[in-house]
Amino acid sequence: MMTSVDTDLIRVLADPLRLQIVILLAKEMLCTTHLVEETGARQTNLSNHLRVLREAGVVETEPCGRFTYYRLKPEVIASLAGQFADLAESARTAADNKRSCP
């Protein structure tokens, strides 16, 4: 049973705008223009966050003419969810474990 969580991925998703992007991309593929409209973020700021998400392997791109569409990689989110599920199971089984004080 794994009891660790991918802390690098947690840091990537901890940013509110990046999390908002992930939530939006969970519903549909969107281009930068759509994401600017949905989030209200500046295009340059959004592009920097999308770069971080791409480098972390959370999203992938698909060129479409002069636009680039972004797609969430569900297996990455599922893996993280599995890590948290393992952590919760570990906590359940350790509920009666108590280390004595020196």
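Is cysteine 101 buried or exposed? Cysteine 101 is exposed, because its relative accessible area is 70%, where exposed means over 50%, buried under 20% and partly exposed in between, calculated with a 1.4 Å probe on protein chains only.

Before I continue, a word on the source. This is a predicted model, in which local features need pLDDT of at least 70 and side-chain atom pairs count only at pLDDT 80 or more, while totals for chains, interfaces and linings use all residues. Residues are numbered from 1 along each chain as its sequence is written, and side-chain values use heavy atoms, with hydrogens and water left out.

Let me turn to the sheet. Strands here are DSSP runs of E with at least two residues, and helices are runs of H or I with at least four, both numbered from the N terminus. Two strands pair if DSSP finds at least two bridges between them. The open sheet has 3 strands in the order S1-S3-S2, with antiparallel pairing. Strand S1 (30-31) and S2 are the edges; each has a single partner strand, so one side of each lacks a neighbour in the sheet.

S1 pairs with S3 over 2 bridges, in the antiparallel sense. Strand S2 (residues 59-64) is joined to strand S3 (residues 67-72) by 6 bridges, and these two also run antiparallel. Please look at tyrosine 70 in S3: tyrosine 70 is the bridge partner of leucine 30 and also the bridge partner of threonine 61. S2 and S3 form a hairpin with 2 residues between them, and in the turn glycine 65 has a positive phi of about 65°. Beside that turn, cysteine 64 stands opposite phenylalanine 67 in S3.

Why does cysteine 64 not form a bond with cysteine 31? The sulfur of cysteine 31 is the closest cysteine sulfur to that of cysteine 64, yet the separation is 8.8 Å, which is too far for a bond. A disulfide is counted as a pair of cysteine sulfur atoms within 2.5 Å, and a search of the whole structure finds 0 disulfides. Cysteine 64 is partly exposed, with a relative accessible area of 41%.

Strand S3 also contains leucine 72. Leucine 72 counts as buried because its relative accessibility is 12%. With contact meaning heavy atoms within 4.5 Å, and not counting residues up to four places away in sequence, leucine 72 touches Val22, Leu25, Ala26, Val58, Val59 and Ile77. Histidine 34 is 38 residues from leucine 72 along the chain, and their C-alpha atoms are separated by 15 Å.

Now the helices. H2 lies across S1, S2 and S3, running at about 90° to S3. Axes are lines fitted to C-alpha atoms, for helices over the stretch in contact, with angles from 0 to 180 degrees between N-to-C directions. The axes of helix H2 (residues 16-25) and helix H3 (residues 32-39) cross at roughly 115° and come within 11 Å. Leu17, Gln20, Ile21 and Leu24 of H2 make the contact with Leu35, Glu38 and Thr39 of H3. Those contact residues divide into 4 nonpolar, 2 polar and 1 charged; Ala, Val, Leu, Ile, Met, Phe, Trp, Tyr, Cys and Pro count as nonpolar, Asp, Glu, Lys and Arg as charged, and the others, Gly among them, as polar.

I close with helix H1 (residues 7-14), where aspartate 8 is found. Aspartate 8 is exposed, at 51% relative accessible area. Aspartate 8 and alanine 56 are 48 residues apart in sequence, and their C-alpha atoms are 8.2 Å apart in space.
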